[in-house]
Amino acid sequence: MLTETESRVLTLIEDHQTDLITSLQQMIRYRTVTPDMDACAEGDDYRAHQKYIRTLLDGMGFETEMWEIDAAQLEDAPGRGVRPERDMSGMPVVVGQLPGSVNVIARRALTTKQSPPAREEIASPPKAAARNDVSGKSLILNGHYDVVPEGDTSLWTHPPYSATIENGKMFGRGTADMKGGNAAMLFAVKMIQQAGLTLNGDLTVQIAPDEEATCMGTLACCLRGYTADAAFIPEPTNMGILVAMRGSVYGRLTVPGRAGHAEMAQPHWTEGGAVNAISKAAKVVQMLDALAEEWRTRPDRQHKYIGPDFILASGIHGGEWEVTYPEKAEIRFGAMIAPPRGNPIEEIRARLAELAQSDPWMAAHPPVLTHGPWYYGAEVAEDEPIVHAGANALSDLGIPPKMKGFGSLTDAIHLINLSKIPTISIGPDMETIHAVDEFIELAQLVELSKTIALLVMRWCGVSEKEQG
Ligand SMILES: [Zn+2]
């Protein structure tokens, strides 16, 4: 059931939706593509986007800060996936804090980007007052502003950064994933204020880079000490409630052989003969396939909302010359693992050792496993108040609430695992994300903004602004 106050805010969102749409168009027109791992942000679009966001937040009375991340300064731990070598310059984070009218926010001194916060500062985050105050709970609204590359522009019906509107849809890279969500949440706060309301609880907005690559933007926010009673991320979910997501690790298996001329008779390898690395690698691929097949049905590899854990041989390279025995073959793999299970590398390593023991050459020349950082998965219990709040907001707008899991991770992993903040996502349809002609339905954009407005008002509590 909607209160009269809530209906007033929803009507404002409906009536002023042109402003929401225009604001999203503005965001899309900044080309904020996630840089390749060995590259960094080129041009000024990232900073310009963040200045635009900061101006919006300043206009709503948020206390804002904007800083660039030094990845080498981020404290690492198992699951966080810190990439210290990643150049994060030129793609700043913007955080805004709006103290609740009822709470006295324990303000922290804003640090400059040149001086990362000291440990003590991290240990005493700004939320303490809000946590104990029953008058209004605190909330983080988080979104990423980086977008995946547009691919072949000629395949797009409209240029990917034109934010063209046609048949009730806005087309463009990032419309659904996830600038649409960002615009919807900022507009929701604006309309709450326009209705003459102030929030009782503290509200924090975080607009972070690099979710599509490393999640270090939000990680930096968590390490900086920002926290709240709950968090919300409007990532695309087909308007479902995202409560679980898989973690992942990517690696390589280098399988040795021994080079030799293919047109010459080769003695047995124990007598110095050549060995085909590709033939040995085939056994390794079969081992990975067998492991994936085992996980498909193994009880400890299942999750209620996500498919079974999965491992995939996703690339192979080997061989140099038509008549030369391949000296080595390299297999790339990705493993996707549901929470709360941890890093699967040791299980993969054990299987590899088992396989090597069954083959005398491999036993003497074992394949070498290397891997990138492990990203933990995350989930939130369905009886968490923020899950109920999301479900109620959807129900009251006539959308049946549906719990969901993701096969891949989002920035929520750090809010949940590191900051211990129950975090959910509700967002637009995901059919076109990361694809050509990505779009968001304008009606759904408005619906999402209404959903977020209800969630924010009910979670933080609202008071009529005193006249004067
Ligand atoms: Zn996203």
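**Exercise 1. Determine how β11 and β12 are joined in this predicted model, and place β11 within its sheet.**

*Solution.* Step 1: β11 is joined to strand β12 (residues 328-337) by eight bridges, and the two strands run antiparallel. Step 2: a particular pair of residues illustrates this arrangement, as Ala 313 stands opposite Phe 333 in β12. Step 3: the sheet that holds these strands is open, has four strands in the order β11-β12-β10-β13, and shows antiparallel pairing. Step 4: β11 (310-318) and β13 (368-371) each have a single partner strand and stand at the edges, so one side of each has no neighbour in the sheet. Step 5: from one strand to the next, the twist averages 20 degrees.

**Exercise 2. State which strands helix α8 and helix α9 lie across, and give the angles.**

*Solution.* Step 1: helix α8 (residues 277-297) lies across β10 (247-256), β11 and β12. Its direction is at about 170 degrees to β11. Step 2: helix α9 (residues 345-357) lies across β10, β12 and β13. The angle of helix α9 to β13 is about 165 degrees.

**Exercise 3. Describe the division of the protein into domains and the contact between domain 1 and domain 2.**

*Solution.* Step 1: domain 1 comprises 4-245 + 377-464, and domain 2 comprises 247-371. Step 2: taken over C-alpha atoms, the centres of domain 1 and domain 2 are separated by 39 Å. Step 3: domain 1 supplies 14 residues to the contact, and domain 2 supplies eleven residues. Step 4: on the side of domain 1 that touches domain 2, the elements giving two or more residues are β9 (241-245), β14 (378-379) and β15 (403-406). Step 5: β15 gives the most to this side, with four residues. Step 6: by character, the residues on this side of domain 1 divide into seven nonpolar, five polar and two charged.

**Exercise 4. Identify the residues that touch the most other members of the largest nonpolar core, and examine the contacts of Ala 188.**

*Solution.* Step 1: the largest nonpolar core has 134 residues. Leu 139, Ala 188, Ile 192, Ala 453 and Val 456 touch the most other members. Step 2: at least three residues of this core come from each of domain 1 and domain 2. Step 3: if residues up to four places away in sequence are not counted, Ala 188 touches Ile 13, Ser 449, Ile 452, Ala 453 and Val 456. Step 4: as a general background, nonpolar side chains tend to be buried together in soluble globular proteins.

Technical notes:
Residues are numbered from 1 along each chain as its sequence is written. This is a predicted model: local features need pLDDT of at least 70, side-chain atom pairs count only at pLDDT 80 or more; totals for chains, interfaces and linings use all residues. Domain bounds come from an automatic or database domain assignment. Two residues are in contact if their C-beta atoms, placed from the backbone, lie within 7 Å. Ala, Val, Leu, Ile, Met, Phe, Trp, Tyr, Cys and Pro count as nonpolar, Asp, Glu, Lys and Arg as charged, and the others, Gly among them, as polar. Two strands pair if DSSP finds at least two bridges between them. Axes are lines fitted to C-alpha atoms, for helices over the stretch in contact, and angles run from 0 to 180 degrees between N-to-C directions. A nonpolar core is a set of buried Ala, Val, Leu, Ile, Met, Phe, Trp, Tyr and Cys residues joined through C-beta atoms within 7 Å. A residue is buried if 20 or more other C-beta atoms lie within 10 Å of its own, exposed if 12 or fewer, and partly exposed in between; C-beta atoms are placed from the backbone.
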